[in-house]
Amino acid sequence: MSFKPANNIQDLQYFGEFGGVNPSISDSSTYTFLSAKTMFDTFEGNADGCYLYSRHSSPSNLYLGEALAAMEHTETANVTASGMGAITSTILQLCNADDHIVSSRTIYGGTYAFFKNFTPKFKIDTTFVDITNLDAVEASVTKNTKIIYCESISNPLLEVADIKGLADIAKKHGLKLVVDNTFSPLSISPAILGADVVIHSLTKFINGSSDTVGGVVCGTQDFINHLRNVNDGASMLLGSTMDSLRASSVLKNLRTLHIRMQQHSKNGLYLAQKFENDGLKTVYPGLSSHPSHNLFKSMMNAEYGFGGMLTIDVGSLDKANELMELMQHRNLGYLAVSLGFYKTLFSAPGTSTSSEIPEDEQKEMGLSDGLIRFSIGLDADIERTYKMMRDCMEELDILPTAQKLKVG
Ligand SMILES: *Cc1c(COP(=O)(O)O)cnc(C)c1O
């Protein structure tokens, strides 16, 4: 594929009002108008380029939104105060009472809880399916279905969605395909593959410094206008607005995303190969043992790799907890949720980020107790990291015995 998302970010030029190489930060909640007529027109949505009030839009937020739209190859984008702010406003904008959603069953715990526990209040029902089974997806579509929802790479099981296949189903039935691309920025470009709306939690890889939450909805100008509409726009009315200061700091971090993703991917692939070689049950889309390895390859922008997320299964929650505590003690990373930081982060999803999913459903989707999710950091010397992690595993008797004997 010849799409170059990082070039699209690099090629944008914005200057500050005094020629600064970064755009000036807009530090106002409200804006003056030279004429009362223009203020009225702006309220009606008919005065392009005018700012009204910063919950609606602000220069700093628009700069960040345009850069993310360039990255995702959509007409435009709307940044939000968090990833959940992007997801909830999108869903509530697209669905009315009595509408239906077909969603992947392996999604971020907060999104799952929103579909399962919150949207039923508005009579919006969700059928959860195995997203890798396109027949099951299509069979779940009803006359009330409005949305197919998935993550490009699912959290935490790292299942890969066939975005082209899902887009075909969506088109055939007149549905919107909404894709959360948080785990694979730059690597996968869902809009190019047919997604109608692309969402990110900016909190993760895109901002990359674990100092803020943030989100974005990338889509058509028409859809983003709807989200911001003063009369019935979910972003405007639910009010999950990003602050301008944050938008400008996320924009600065976005500019190094391509370098960071390459290092996350390089380190992720190295560790996944080593762990698998050691006989650990390892899931990473870059391993040929991953059931969707070839699908990922067919969708990816190759230079950004298979990403920084991997999981291993160490058999039990006790072992997982012991290993994570020891690795943290040896400064190999932090026992923390979230992802995309310079340090490796690890957590046991069953008891943390996916704890919203009931235990029996966790079992059914293959989310086992001993699963550890890693967000691999930017370690300069990944060989050293591997050796130290392996020492931890040996001390805790986690490595399969045959492998241990072989090493002596
Ligand atoms: C973290 C995350 C979210 C939620 O984003 P917040 O910024 O925490 O609101 C949504 N989807 C995925 C895949 C995530 O990892």
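At roughly what angle do the axes of α3 and helix α10 cross? In this predicted model, the two axes cross at roughly 35° and come within 8 Å. Helix α10 covers residues 244-254, while α3 runs through residues 59-72. If you view the pair along the line between them, you will find that α3 passes α10 in a left-handed crossing.

Let's look at the residues that meet there. From α3 come Ser60, Asn61, Tyr63, Leu64, Ala67, Leu68 and Met71, and they meet Ser244, Ala247, Val250, Leu251 and Leu254 of α10. Sorted by class, this contact has 9 nonpolar and 3 polar residues, with no charged ones.

Staying with α3 leads us to the cavities. The model holds 3 cavities of 30 Å³ or more, and the largest has a volume of about 130 Å³. Its lining consists of 15 residues, of which Arg55, His56, Asn78, Val79 and Arg228 are the closest to the centre. Helix α3 is one of the elements that give two or more residues to this lining, together with β1 (76-80) and α9 (234-238). The class count for the largest cavity is 4 nonpolar, 9 polar and 2 charged residues.

Now move on to the second largest cavity, where about 50 Å³ of space lies. Its lining includes three phenylalanines, Phe183, Phe296 and Phe306, along with Ile153, Leu158, Pro285 and Met309. Ser184, Ser187 and Gly307 also line this cavity. By class, that gives 7 nonpolar and 3 polar residues, and no charged ones.

Definitions and conventions
Residues are numbered from 1 along each chain as its sequence is written. This is a predicted model: local features need pLDDT of at least 70, side-chain atom pairs count only at pLDDT 80 or more; totals for chains, interfaces and linings use all residues. Side-chain values use heavy atoms; hydrogens and water are left out. On a 1 Å grid over the protein atoms alone, a cavity is a set of points where a 1.4 Å probe fits but cannot get out, and a pocket is an open set with protein on both sides within 12 Å along at least five of seven lines; lining residues have an atom within 4 Å of a point. Grid points are joined across faces, edges and corners, and a volume is the space filled by probe spheres set on the points. Helices (H or I, at least four residues) and strands (E, at least two) are DSSP runs, numbered from the N terminus. Ala, Val, Leu, Ile, Met, Phe, Trp, Tyr, Cys and Pro count as nonpolar, Asp, Glu, Lys and Arg as charged, and the others, Gly among them, as polar. Axes are lines fitted to C-alpha atoms, for helices over the stretch in contact, and angles run from 0 to 180 degrees between N-to-C directions. A crossing is left-handed if the near helix is turned anticlockwise from the far one by less than a right angle, and right-handed if clockwise. Contact means heavy atoms within 4.5 Å.
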